[in-house]
Structure formats: structure tokens, C-alpha cells
Amino acid sequence: MANTPSNKTPSTKKGASGSGDDDASSSTEKELLRKTAAGTAAAPSPPVKPSPAKPAPPPDDDDDDDEDDDWEDDDDDDEELVVFTAREAAGAFATVTRFVRPYFRNYKKALTFVCLGLLVETLFNVIMPLSLKFLIDDALGEEDFGVLMWILSALAVAGIVTSLVSVWYEWWDARLSAAVISDVRQKLFDHIQNLPSSFFARTKRGEILSRFSVDLSAFENVVTTLANSAALPALELVAGIILMLYLNWQLAVVALLIFPITLIGPRILTPKAVQANYEQKVNESGILGLVQENIAAQAVVKAFSLQRRALGWFSVRNETTRQKIASATFLSSMVERTVNISVLLLHLVVLALGAYLATKGQITIGTFVTFESAFWEISYNIAHLMHFVPTTIQSAAAVRHMEELLDEPTRGADRPGAPDLPRMTNDITFEDVTFGYEGSTEPVLEDLNLKIEVGKSVAIVGPSGSGKSTLLNLILRLYVPNEGRVTIDGVDIRKVTRESLREGMAVVFQDNILFNMSIRENIRLGKEGATDKEVIEAAKKAEIHRFIMSLPQKYDTQVGERGDTLSGGQRQRMAIARAIVRDPSLLLLDEATSALDQTTEAAINRTLLRLAKGRTMLFSTHRLTSVVDMDEIIVIDRGKVIERGSHDQLLAANGLYRKLWDDQSHASHDDDDDDEDDDD
């Protein structure tokens with residue numbers, strides 16, 4: 001027999017809503033999310049009835065889901081009620097099915113076994129009530145002990161076989177769902193690796209991470225419960241209807257009124273319940289904001305003795321919220337209660353009509369009892385399916401959100417048959433390069449022509465927003481020019497493989513990310529397969545070896561997430577070591593020392609100049625004190641090269657460089673004066 005759902009409707013987490021889709025199903029999902037987030041569909045909950053044939057439904061594990069507050073603004077543990085139409089449910093199911101079908105195709109064997117197991121269990125759950133007819137009419141009614149033993153023996157054998165089959169297909173279902181979820185997660189991550197830098201520039205980190213947390217969690221809820229919470233109840237619902245029609249079609253027509261009457265109460269009360277739940281959410285959010293504000297302003301509260309007033313504010317808001325919670329809870333309960341009352345009244349009608357037909361001899365007692373069992377069967381399965389609807393709705397919204405990411409075009413891929421780029425020997429050239437970032441109306445670089453010879457230490461300076469970092473990004477091919485081209489030794493870098501292009505380069509960023517692994521492995525990331533000797537040599541050149549050896553675990557020391565166990569200067573030297581172990585012909589430094597104090601910056605600059613010997617170094621910075629000893633300084637303003645030369649030459653030219661130098665010198669003097677005043 002079918003599972004008996006609990007009388008309390010499970011709540012579901014709010015899924016992330018997709019955007020940018022204009023089709024009907026997408027609009028439907030957005031409207032559903034707008035109502036008040038995920039809720040529970042009203043479902044009939046008949047009294048608990050023992051059922052040996054089917055295991056109890058899996059417990060709702062939504063309470064175990066702890067999502068980041070950055071991605072969810074509301075507390076979704078409250079039970080909320082939303083009734084979904086058949087069209088909405090069908091659209092959501094179609095969305096999920098379309099998305100998951102290609103993944104299921106990869107596991108045809110497991111899918112076949114699960115389907116066979118579901119059919120076997122459905123068949124047994126139909127045979128069980130049908131056996132009551134023969135048990136009562138042919139065995140007990142006729143007092144035929146032989147028939148009784150035959151029926152009980154057949155049921156026992158069928159029950160054992162079905163139980164074994166159930167365990168078998170559940171094992172395959174667990175493997176299938178785990179594989180599909182893993183494949184989706186893998187596809188998302190693989191796709192991210194090939195997205196262009198422009199995508200990450202315009203997309204918030206939380207938006208990307210939400211696909212792996214909120215959206216995958218909603219999708220997982222459907223995949224892991226699909227067999228037992230949707231497929232099996234649907235099969236048993238169809239089988240139960242067929243069984244009732246077989247037993248007595250007139251009585252079956254009356255019993256099938258369960259479908260329309262279960263919608264009467266929810267259609268009347270749901271709008272009020274939804275509004276009450278929404279108002280509850282608003283008030284709870286207000287209380288949360290009030291508490292956060294109070295905690296943040298504790299110094300002011302205590303200094304001005306505002307405790308009593310703060311208590312007054314909180315009490316008023318808390319009392320209003322209490323009333324809203326009571327109203328929302330009652331109306332939500334009434335939505336489900338009306339369904340239960342409707343089913344109960346219909347059951348009394350079916351019971352009375354069946355009893356009348358039995359007393360008149362039009363149906364047997366066994367048929368009457370079997371019909372009653374089949375009626376409860378479809379009641380339970382309607383409840384299961386309606387409980388599954390909100391989960392499907394949320395999963396459909398999550399699927400659309402994930403599809404938005406998967407639909408992002410991957411740009412900058414190598415051209416078919418692209419050759420490798422040899423190690424740089426002559427120059428880097430920008431030819432009539434114009435480039436603007438996505439969404440910007442003004443180009444960052446415009447008609448830029450620039451040639452940089454190899455073997456030099458070259459600084460790129462200029463006002464903020466002049467295009468310094470953009471130059472390095474174009475050389476790395478993180479972006480490609482809108483017009484013109486960037487060449488190395490005369491070869492357009494778009495026509496060679498990215499791997500060979502970057503193999504001869506190493507970059508040190510302003511905010512260098514270290515991975516949560518050992519120091520040795522962080523440095524080794526610069527060159528796959530680097531030996532311990534090469535790692536140590538790179539650390540020595542970056543002047544971080546002595547510090548590493550002072551640590552208890554030396555090179556095996558874990559740096560922590562993002563390298564937070566190290567100071568800024570240590571992280572920077574670690575990043576330099578990671579770049580040096582690569583033995584690059586071109587070393588790129590993008591504001592590599594601007595976040596450091598002047599003493600640490602000066603020390604690292606000396607290290608960089610020493611490391612630059614024998615290789616080309618491009619150093620983008622706004623701190624002119626860092627570039628005094630460079631072989632050449634290139635001044636960029638508004639996307640064009642306006643000056644180039646040595647430090648002394650540019651000062652003598654009295655151009656923009658001289659103005660920037662004087663401005664920074666005055667700022668330094670002013671800071672020194674302020675420090676002296678503070679000391680006084």
C-alpha cells in the first residue's frame with residue numbers, strides 16, 4: 001500500500017530564480033517565487049493506515065540545509081503554503097525533465113533497473129488490496145481453508161520478492177541520483193573554467209556560488225526523491241483508478257470526485273494564507289533588521305541610555321509579528337484542513353454508497369472492502385504528488401538559474417589547429433589596439449600603438465583608469481582587443497594556443513591568492529612537476545626561504561584559506577616565488593606592491609629588479625617611487641601612450657609624469673607632517 005504522508009506539510013527551501021527567459025513556464029516559475037518563496041501544496045492527509053508493502057516516506061531534510069546568508073535574505077524555515085495549478089506543475093516538471101534527460105541517458109542500465117523495480121512494487125501494491133476481495137469472498141466467506149492458505153502463501157512470497165526488489169532498485173536509484181548530481185556539478189565547474197574574464201568582471205561571486213549551493217540543493221531534492229515521491233505514487237495512482245473502475249465503475253466515478261473537491265478549500269483560502277505568510281516574512285525581516293541595528297549600535301545605545309527606548313521599539317514590532325504568525329499559521333492550517341475535511345466527507349459518501357450496494361447484493365463484501373482500500377490508496381498518492389509539486393517548482397527555477405550560467409558563451413578558445421608560440425625573443429607590439437570593457441560606453445584603450453623590446457624592465461604608469469592593467473590583461477589574452485591586434489615577435493597572440501602563450505609568462509597580481517595547501521604546493525603551482533630543488537631555489541630568489549625554514553613544518557606548512565596565515569609581504573613573496581619557478585621570459589606585475597607599506601614595498605622592488613635580469617618585466621603601478629630604477633617608463637593617459645623614457649628624462653620633460661611625481665611627493669610630505677603632528 002502507499003505511504004501515508006504526515007499531517008504536517010513539509011516546508012521547502014527557497015530556490016534561486018532564473019532570469020532572462022520569456023517563455024510561459026519561466027514566467028510561471030518567477031511568479032511562484034514572488035508569491036512568498038517555496039511553500040507546500042495543499043494535500044489530503046488521511047488518517048494513518050498501516051501498510052506493510054511500502055517503506056515510510058523519506059524524512060524531510062530541508063532543516064539540514066544551511067545556506068549562506070549572502071544568498072538568502074529570509075529565514076525559510078517557516079512553513080508557507082502555496083497551491084500550484086496543474087499547468088504550473090506540468091511546466092516545472094517539463095523543465096526539470098528536459099534538463100536531466102541527457103544525464104540519465106548516460107546511465108541507461110541503472111535507469112532501467114529502477115524502472116523495473118518501480119513496476120514490481122506498483123504491481124504488488126495493487127495485488128495487496130485486490131487480494132482482500134478473494135480473501136473475503138472466496139476464502140473466509142466460503143470457509144475454504146485451502147484457498148486461504150494459497151492466498152496467504154502467494155502474498156508472503158510476493159511480499160518477500162517485492163521487498164528484495166525494493167532494496168535492489170533503491171540501491172541503483174541512490175547510485176543513479178548521486179551520479180546525475182555529480183555530473184551536473186562537474187559540468188558547471190568545467191564551464192566556469194572556460195568562461196571569459198569579462199563574465200567574472202560583471203558577475204558577483206555569490207551569483208556564481210549560488211549555483212553550487214542553493215540551486216544544486218534544490219535540484220538534488222528532486223533527483224533524490226523522484227522515484228519514491230513522484231514516479232511510484234504516480235504509477236500507483238493510475239493503478240488504483242484502474243482497480244476501482246474494474247471493481248465498480250459507478251462507485252469509481254463518485255470516488256474520483258476527490259480530484260476537484262480537494263481544490264475548493266485551497267482556492268478560497270490560499271490567497272489569504274499567502275498574504276498572511278508574506279506579512280509574517282516582512283515583520284520577521286523587520287525584527288532581524290532591528291536586532292542587527294541594535295547590536296551594531298550598542299555603543300550609542302549605552303552612551304545615551306537608550307535601552308528602554310530600544311526595548312519599546314522591539315516590543316511593538318514583536319507584538320505585531322506575533323499576531324501575523326498566529327494568522328499565517330491558522331490560515332495555512334485551514335488550507336490543509338479543508339482538504340482533509342473534503343476527503344473525509346467524500347469518503348463517507350463512498351462508504352455509504354458502497355455499503356448500500358453491498359447490502360443490496362450488487363457488490364460483494366470483498367469488493368466493498370477492496371474498493372475502500374483502493375480509495376485510500378489514491379488519496380495517499382494524491383497527497384504524495386502534491387507534496388512533490390513545490391519541490392519540482394523550486395527545482396525548475398534552480399534549473400533555469402543554472403542554465404543561465406551554462407548558456408554563457410565561452411570565448412577566447414584556441415582556434416582549430418592553432419600552433420604553439422615559441423619563447424619570446426624580440427618584442428611585444430600593440431598595433432592600433434582599441435579595447436573597452438563590456439558594458440562600458442568609452443574605450444579604455446583607443447588606437448594604441450606601442451612596442452616593448454625584450455630584456456628590459458619596463459614600468460607602465462598613469463592616472464587611475466588610464467589602462468595600465470588592461471595592457472597586461474591583453475598580453476595575457478584574458479581579454480582580446482575590439483580592434484587591432486597584440487603580437488609577440490610579430491605573431492598575433494589570438495592565433496596561437498593559450499597554453500603556449502602563457503607558458504612563457506608569469507604574473508604577480510596586487511591581491512595574490514594562495515590556495516589552502518602547503519607552501520611547497522603553492523609555489524609548485526607555477527610549474528607543474530617542479531622539483532623540490534626548483535621550489536627552494538625560487539623561494540630563495542624571492543627572499544622567502546629563510547622565513548619558510550623558520551616555520552615548524554617548513555615547506556609543508558599549510559597557508560590557510562587564501563593564505564590568511566601569512567602577512568601581506570609574505571604572500572606577495574610567495575606569489576613571486578610561484579612566478580619565478582616558472583622561469584618565465586616575461587614577468588608581469590600588476591600593482592604588485594601597491595597594497596604594502598613603503599618598507600616592504602622597497603624590499604620587494606629590489607628583489608624584483610634583481611630577478612628581472614635576463615628577462616622582460618612589465619610593471620604596472622601607480623606608485624612612482626617603485627619605478628625610479630626601471631630601464632624605461634611608459635606613461636599612459638586616456639588609453640594612449642603620451643610619454644616614455646627613463647625617470648630622469650621624464651622629469652626633465654615636465655609633462656604628465658612630472659605632475660604625477662610632484663603630486664605624490666607632496667602627498668608623501670603631507671603624510672609625514674601629519675605623522676609628526678600626531679607624535680606631538
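**Notes on the predicted model: a covered strand and what surrounds it**

1. Let's start with strand S7, where both faces are covered: Leu586, Leu588 and Asp590 are buried on one side, and Leu587 and Leu589 are buried on the other. S7 spans residues 586-590, and 5 of its 5 residues are buried. Bear in mind as you read on that this is a predicted model.

2. What runs alongside S7? On one hand there is strand S6 (residues 505-508), parallel to S7 and joined to it by 4 bridges. Met505 sits opposite Leu586 of S7. Then there is strand S8 (residues 616-620), also parallel to S7, with 5 bridges between the two. Here Leu587 faces Met617 of S8. As background, strands of a sheet pair through backbone hydrogen bonds, in either a parallel or an antiparallel way.

3. Stay with S8 for a moment, since Ser620 belongs to that strand. Is Ser620 buried or exposed? Ser620 counts as buried because its relative accessibility is 0%, and the cut-off for buried is under 20%. Setting aside neighbours within four places in sequence, Ser620 is in contact with Leu589, Asp590, Glu591 and Ala592, and also with Ile460, Lys468, Ser469 and Leu472. Leu589 and Asp590 take us back to S7, where both are buried.

4. Two of those partners of Ser620, Lys468 and Leu472, are among the buried residues of helix H13. This helix covers residues 468-475 and has 7 of its 8 residues buried. Besides Lys468 and Leu472, the buried set holds Thr470, Leu471, Asn473, Leu474 and Ile475. One backbone detail to look at: just after H13, Arg477 adopts a positive phi of about 60°.

5. Now the nonpolar cores. The largest has 43 residues, and the members touching the most others are Ile523, Ile633 and Tyr657. Helix H18 (residues 568-580) is the biggest contributor, giving 6 residues. There is also a second, separate core of 35 residues, with Val100, Ile192, Ala230 and Ala396 among its members. In general, nonpolar side chains of soluble globular proteins tend to be buried together.

6. What does Ile523 touch? Leaving out residues up to four places away in sequence, the list runs Val535, Ala538, Ala539, Ile548, Tyr555, Met574, Ala577, Arg578 and Val581.

7. There is an open sheet of 4 strands as well, ordered S2-S1-S4-S5 and paired antiparallel. Its edges are S2 (445-453) and S5 (491-492), each pairing on one side only. Strand S1 (residues 427-435) is tied to S2 by 6 bridges, and Phe430 stands opposite Leu450 in S2.

8. Not every nonpolar side chain is tucked away: Ile341, Leu344, Leu345, Leu348 and Leu351 form a nonpolar surface patch of about 430 Å². Leu348 lies in helix H11 (residues 307-359). With a relative accessible area of 45%, Leu348 is partly exposed. The spacing is worth recalling here: an α-helix has 3.6 residues a turn, so residues three or four places apart point the same way.

9. Finally, the whole-chain figures. The chain has 21 helices and 10 strands, and 47% of its 680 residues are buried. Among contacts between residues at least 6 apart in sequence, 80% link residues at least 24 apart. The exposed area comes to about 34,100 Å², with 56% of it from carbon and sulfur atoms.

How values were computed:
Residues are numbered from 1 along each chain as its sequence is written. This is a predicted model: local features need pLDDT of at least 70, side-chain atom pairs count only at pLDDT 80 or more; totals for chains, interfaces and linings use all residues. Side-chain values use heavy atoms; hydrogens and water are left out. A nonpolar core is a set of buried Ala, Val, Leu, Ile, Met, Phe, Trp, Tyr and Cys residues joined through side-chain atoms within 4.5 Å. Buried means under 20% relative accessible area, exposed over 50%, partly exposed in between (1.4 Å probe, protein chains only). Contact means heavy atoms within 4.5 Å. Two strands pair if DSSP finds at least two bridges between them. Patches are made of residues with over 30% relative accessible area and no salt bridge: like charges are joined within 9 Å, nonpolar side chains (Val, Leu, Ile, Met, Phe, Trp, Tyr) within 5 Å. Accessible areas come from the Shrake-Rupley method with a 1.4 Å probe; for residues, only the protein chains shown count as cover. A salt bridge is a side-chain nitrogen of Lys or Arg within 4 Å of a carboxyl oxygen of Asp or Glu.
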